[in-house]
Amino acid sequence: MKKNVIVLGIGRFGQAVATNLFERGAYVTAVDGDYSKIEKIANHVSSAIQADITEEEAMKSLGISNYDVAIIATGRDLEASIEATLICKDSGIEEVIAKATSKSHARILEKIGADAIIFPERDTGERLARVIADPNLIELIEFSDDFSMIEVKVKDSWVGHTLRELDFRNKYQMNVVGFLRDGEMIIDLDPDMVIENNDNLVLIGTKENARTVRLSE
């Protein structure tokens with residue numbers, strides 16, 4: 001099952017997120033008030049729409065409540081970030097991920113219901129350093145000072161077993177949110193799906209638990 005993702009705000013960060021998700025098999029709608037940005041990204045996502053992300057009626061007309069995930073990729077305009085986050089939460093989107101540019105911005109977004117916060121400007125250099133330092137870590141996104149999403153190569157001891165057999169969540173205190181297999185992201189998870197040798201797992205949890213998983217055998 002494809003995951004439906006809407007990305008609101010197509011600056012450098014929004015463009016990178018939208019195009020990468022599309023390449024990984026998600027259905028991605030990119031939205032921005034600037035037509036030149038929409039024109040630029042149109043061929044690299046499922047759909048691209050010019051609209052004011054702070055206008056509730058405009059967002060409703062896009063069928064925003066039908067999306068599984070909303071990514072609020074605008075950050076420097078604090079009011080737009082807050083308005084877009086509120087609209088997404090009020091529309092019942094299950095997972096709202098918002099970009100923050102400061103700790104105070106992040107606290108506001110958390111208080112109005114954002115499910116996860118990301119600091120892309122702060123994390124970019126750190127992410128690269130971690131990838132180089134840790135060969136088992138494919139990619140890391142920090143949502144806050146405490147929580148991270150990581151993509152890891154499967155351990156030899158996991159191959160041939162299911163998540164249920166491994167009791168993965170209880171053992172590692174990390175939630176498996178996806179499998180990357182043969183270049184395709186599997187979001188609709190079956191706990192009885194057997195882990196294969198070339199799989200990558202996408203996990204979310206605390207930084208400490210993420211470190212434990214990466215260092216485990």
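Start at F13, which touches A73, K99, I118 and P120 once residues up to four places away in sequence are left out; contact here means heavy atoms within 4.5 Å. One of those partners, A73, sits 60 residues from F13 in sequence, yet the two are 6.6 Å apart in space, C-alpha to C-alpha. At 17% relative accessibility, F13 counts as buried, a label for anything under 20% relative accessible area, with exposed meaning over 50% and partly exposed in between (1.4 Å probe, protein chains only).

A word on what you're looking at: this is a predicted model, in which local features need pLDDT of at least 70 and side-chain atom pairs count only at pLDDT 80 or more, while totals for chains, interfaces and linings use all residues. Residues are numbered from 1 along each chain as its sequence is written, and side-chain values use heavy atoms, with hydrogens and water left out.

F13 lies in helix α1; helices (H or I, at least four residues) and strands (E, at least two) are DSSP runs, numbered from the N terminus. In α1, F13 is buried along with G14, V17, A18 and T19. How does the length of α1 check out? Its twelve residues (12-23) should span 16 Å at 1.5 Å a residue, and its end C-alpha atoms are 17 Å apart, which agrees; the expected span is 1.5 Å times one less than the number of residues. After α1 comes G25, with a positive phi near 105 degrees.

Zooming out, the chain has nine helices and eleven strands. Of its 217 residues, 45% count as buried. Among contacts between residues at least 6 apart in sequence, 54% join residues at least 24 apart.

Now for the inside. The largest nonpolar core has 23 residues, and L8, V31, M59 and C88 have the most contacts inside it. Such a core is a set of buried Ala, Val, Leu, Ile, Met, Phe, Trp, Tyr and Cys residues joined through side-chain atoms within 4.5 Å. At least two core residues come from each of β1 (4-8), β4 (69-72), α4 (78-90), β5 (95-99) and α5 (103-111), and α4 gives the most, with three. Leaving out residues up to four places away in sequence, L8 touches V31, I53, M59, I64, I71, I72, A73, T74, A84 and C88.

That brings us to α4. Its 13 residues should span 18 Å at 1.5 Å a residue, and its end C-alpha atoms are indeed 18 Å apart. Its buried residues are A80, S81, I82, A84, T85, I87 and C88, and they pack against β1, α3 (56-61), β4, β5 and α5. T85, at 0% relative accessibility, counts as buried. Beyond its neighbours within four places in sequence, T85 is in contact with I72, V96, A98, L109, I112 and A114.

Finally, a pocket. The second largest one has a volume of about 170 Å³. On a 1 Å grid over the protein atoms alone, a pocket is an open set of points where a 1.4 Å probe fits, with protein on both sides within 12 Å along at least five of seven lines; lining residues have an atom within 4 Å of a point. Points are joined across faces, edges and corners, and the volume is the space filled by probe spheres set on them. L163, R164, F168, R169, M174, N175, V176, L189, D190 and P191 line this pocket, with two or more residues each from α7 (163-166), α8 (168-172) and β9 (175-181). The lining divides into six nonpolar, one polar and three charged residues, where Ala, Val, Leu, Ile, Met, Phe, Trp, Tyr, Cys and Pro count as nonpolar, Asp, Glu, Lys and Arg as charged, and the others, Gly among them, as polar.
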